[in-house]
Amino acid sequence: MTLFELQAWLGHRSPSSTQFYAKISPKTLAKAYSEAGYFARNVRTIEVLVDRDAVASGAAATGDP
């Protein structure tokens, strides 16, 4: 259930009221990120942006292209 669905179900006028009562534990948040594939998508983005060969050879540290 999304925050907005929960907000409507509880009859709150603002999402901040719902957030006050709906506390999310770090364990629950980590599980949600894992199920959404959040970390896998971001690791892929980093792999695309970082040239591993340049880092491994030390060229990245000296600013060489």
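Reader: Thr-18 has what relative accessibility, and does it count as buried or exposed?
Author: This is a predicted model. Buried means under 20% relative accessible area. Thr-18 has a relative accessibility of 0%, so the residue counts as buried.

Reader: Which helix holds Thr-18?
Author: Look at residues 15–21. They make up one helix, and Thr-18 has its place there. That helix is α2.

Reader: Which residues is Thr-18 in contact with, leaving aside its neighbours within four places in sequence?
Author: Set those neighbours aside. Gln-7 is then one of the contacts. The full list is Leu-3, Leu-6, Gln-7, Leu-10 and His-12.

Reader: Where is Gln-7 found, and is it buried or exposed?
Author: Gln-7 is found in helix α1, residues 3–10. Its relative accessibility is 10%. The cut-off for buried is under 20%. Gln-7 therefore counts as buried.

Reader: Which residue has its backbone oxygen 3.2 Å from a polar atom of the Gln-7 side chain?
Author: Start with the contacts of Gln-7, leaving aside neighbours within four places in sequence: His-12, Arg-13, Ser-14, Pro-15 and Thr-18. One of these places its backbone oxygen 3.2 Å from a polar atom of the Gln-7 side chain. That residue is Arg-13.

Reader: Which residues form the nonpolar patch on the surface?
Author: Together they have about 480 Å² of accessible area. Two elements give two or more residues each to the patch: α3 (26–36) and α4 (38–49). The members are Ile-24, Leu-29, Tyr-33, Tyr-38 and Phe-39.

Reader: What is the relative accessible area of Tyr-33?
Author: Tyr-33 lies in helix α3. Partly exposed residues fall between the 20% and 50% cut-offs. Tyr-33 is partly exposed because its relative accessible area is 33%.

Reader: Where is Gly-58 found?
Author: Gly-58 is partly exposed, with a relative accessible area of 28%. One helix beside its loop is α5 (52–57). The other is α6 (59–62). Gly-58 sits in the loop between α5 and α6.

Reader: What separates the C-alpha atoms of Gly-58 and Ile-46?
Author: Along the chain, the two residues are 12 residues apart. In space, their C-alpha atoms are separated by 18 Å.

Reader: Which element of the protein chain has the lowest mean pLDDT?
Author: The mean pLDDT of the chain is 80, and 97% of its residues reach 70 or more. Among the elements, α1 has the highest mean, 88. The lowest mean is 73, and the element is α4.

Conventions. Residues are numbered from 1 along each chain as its sequence is written. Side-chain values use heavy atoms; hydrogens and water are left out. Patches are made of residues with over 30% relative accessible area and no salt bridge: like charges are joined within 9 Å, nonpolar side chains (Val, Leu, Ile, Met, Phe, Trp, Tyr) within 5 Å. Accessible areas come from the Shrake-Rupley method with a 1.4 Å probe; for residues, only the protein chains shown count as cover. A salt bridge is a side-chain nitrogen of Lys or Arg within 4 Å of a carboxyl oxygen of Asp or Glu. Helices (H or I, at least four residues) and strands (E, at least two) are DSSP runs, numbered from the N terminus. Buried means under 20% relative accessible area, exposed over 50%, partly exposed in between (1.4 Å probe, protein chains only). A polar contact is a pair of N or O atoms within 3.5 Å; within protein, one must be able to donate a hydrogen and the other to accept it, and residues adjacent in sequence count only if both atoms are side-chain atoms. Contact means heavy atoms within 4.5 Å. pLDDT is the predictor's confidence in each residue, from 0 to 100.
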